[in-house]
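Here is a short briefing to read alongside the sequence and the 3D view. Take a look at the fold, then follow the points below topic by topic.

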Amino acid sequence: MIKFDNVNKVYPNGLHALKNINLEIQQGEFVAIIGLSGAGKSTLLRTVNRMHDITDGVLTVNGQEVNNLKGKELRKFRRGIGMVFQSFNLVTRTSVVKNVLTSRVPDMPLWKSIIGLYSKEDKVVALEALDKVGILDKAYVRADQLSGGQQQRVALARTLAQNPEIILADEPVAALDPITAVQVMDDFKKINQELNMSVLINIHHVDLALKYADRVIGIKAGEIVYDGPSSEVTHDVLTQIYGRELAQDEMMGA
Ligand SMILES: Nc1ncnc2c1ncn2[C@@H]1O[C@H](COP(=O)(O)OP(=O)(O)OP(=O)(O)O)[C@@H](O)[C@H]1O
């Protein structure tokens, strides 16, 4: 469980990005975080794996107080949380399977990773992860030869090979065309349902948020203004989150 207890985040320049956040997210939930640019979605997501420190309040993940973690403990904690970015963050000049194997690196001595000496077990895990997202046939293709959607699937497979309990996805479909975006969201949903991994996803596509997530968290200027089932998100709720009524085409990437 992820628990925010009166959490605030103030950036060093004084910007109050998260204001008194209270949240409980159970294992296996699929949560979409929506809101205008600058509302605080990325900040919220990035506090969970301590990419950003909180300023006050208490944030716990599976009972561990995130801000108290240091060194080895923090590295171990972070391994339990996968992160997927809008820009995929792959090593494009190397093969798909090697990209996936990088998530296994923390578990092996550095000299082995440098010469690419991965264990048979690591390779099996990597290939299984690629199979789960439907691109096993691309395992030995260079990452830069894949389409954006395929690259995002490789990023997802890399996260899966890490066997996390939680996946944080920061605008994972923002760079993709609408059809590919749906395919990638299908992958997230499948992983969420079959592997019971929690998925927290920042997304500008309100239509996709409502279709795929069980729960929607709406943020406005650092505050949670809606937290509830996606089925109960009405036009009024969206107006509250976005500050004005959304037109139909704005729902596909507000
Ligand atoms: N490192 C930083 N230092 C100072 N202010 C920051 C920093 N990072 C983000 N901010 C500010 O914090 C606020 C929240 O930013 P955040 O990136 O979390 O918003 P967001 O909802 O994810 O936006 P977007 O949808 O554009 O990604 C914004 O006003 C932003 O300018």
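**The six-stranded sheet and its surroundings**

In this predicted model, six strands make up an open sheet in the order β6-β7-β8-β3-β9-β10, and their pairing is mixed. The edge positions go to β6 (81–85) and β10 (223–229), each of which has a single partner strand, so one side of each lacks a neighbour in the sheet. On average, and with direction ignored, neighbouring strands here are turned by 15 degrees against each other.

**Strand pairing within the sheet**

- Strands of a sheet pair through backbone hydrogen bonds, and the pairing can be parallel or antiparallel.
- β7 (residues 166–170) and β8 (residues 198–202) are an example of the parallel sense, with five bridges between them.
- If you want a residue pair to find in your viewer, try L168, whose bridge partner in β8 is L200.

**Helices on the sheet**

- Helix α6 lies across β6 and β7, and α6 runs at about 170 degrees to β6.
- Helix α9 (residues 235–242) also packs on the sheet, where α9 touches β3 (30–34), β9 (215–220) and β10.
- The direction of α9 makes about 155 degrees with that of β10.

**The α5 and α6 pair**

- Two packed helices are described by the angle between their axes and the distance between the axes.
- For helix α5 (residues 120–132) and helix α6 (residues 148–161), the axes come within 8 Å and cross at roughly 135 degrees.
- The two helices are therefore oblique to each other, and their crossing is right-handed.
- On the α5 side, the contact is made by V125, A126, A129, L130 and K132, while α6 brings A157, L160 and A161.
- Sorted by class, this contact of α5 with α6 has seven nonpolar residues, one charged residue and no polar ones.

**The β1–β2 hairpin**

- Strand β1 (residues 2–10) pairs with strand β2 (residues 16–25) in the antiparallel sense, over six bridges.
- Within this pairing, F4 has L23 of β2 as its bridge partner.
- Five residues lie between the two strands of the hairpin, and G14 in the turn has a positive phi of about 95 degrees.

**Around the ligand**

- Which residues surround the ligand? They are Y11, N13, L15, A17, G35, S37, G38, A39, G40, K41, S42 and T43.
- Helix α1 (residues 41–48) gives the most to this shell, with three residues.
- By class, the shell around the ligand has seven polar, four nonpolar and one charged residues.

Key. Residues are numbered from 1 along each chain as its sequence is written. This is a predicted model: local features need pLDDT of at least 70, side-chain atom pairs count only at pLDDT 80 or more; totals for chains, interfaces and linings use all residues. Axes are lines fitted to C-alpha atoms, for helices over the stretch in contact, and angles run from 0 to 180 degrees between N-to-C directions. Helices (H or I, at least four residues) and strands (E, at least two) are DSSP runs, numbered from the N terminus. Angles under 35 degrees count as roughly parallel, over 145 as roughly antiparallel, 65 to 115 as roughly perpendicular and the rest as oblique. A crossing is left-handed if the near helix is turned anticlockwise from the far one by less than a right angle, and right-handed if clockwise. Two residues are in contact if their C-beta atoms, placed from the backbone, lie within 7 Å. Ala, Val, Leu, Ile, Met, Phe, Trp, Tyr, Cys and Pro count as nonpolar, Asp, Glu, Lys and Arg as charged, and the others, Gly among them, as polar. A residue is near a molecule or strand if its C-beta atom, placed from the backbone, lies within 6 Å of it. Two strands pair if DSSP finds at least two bridges between them.
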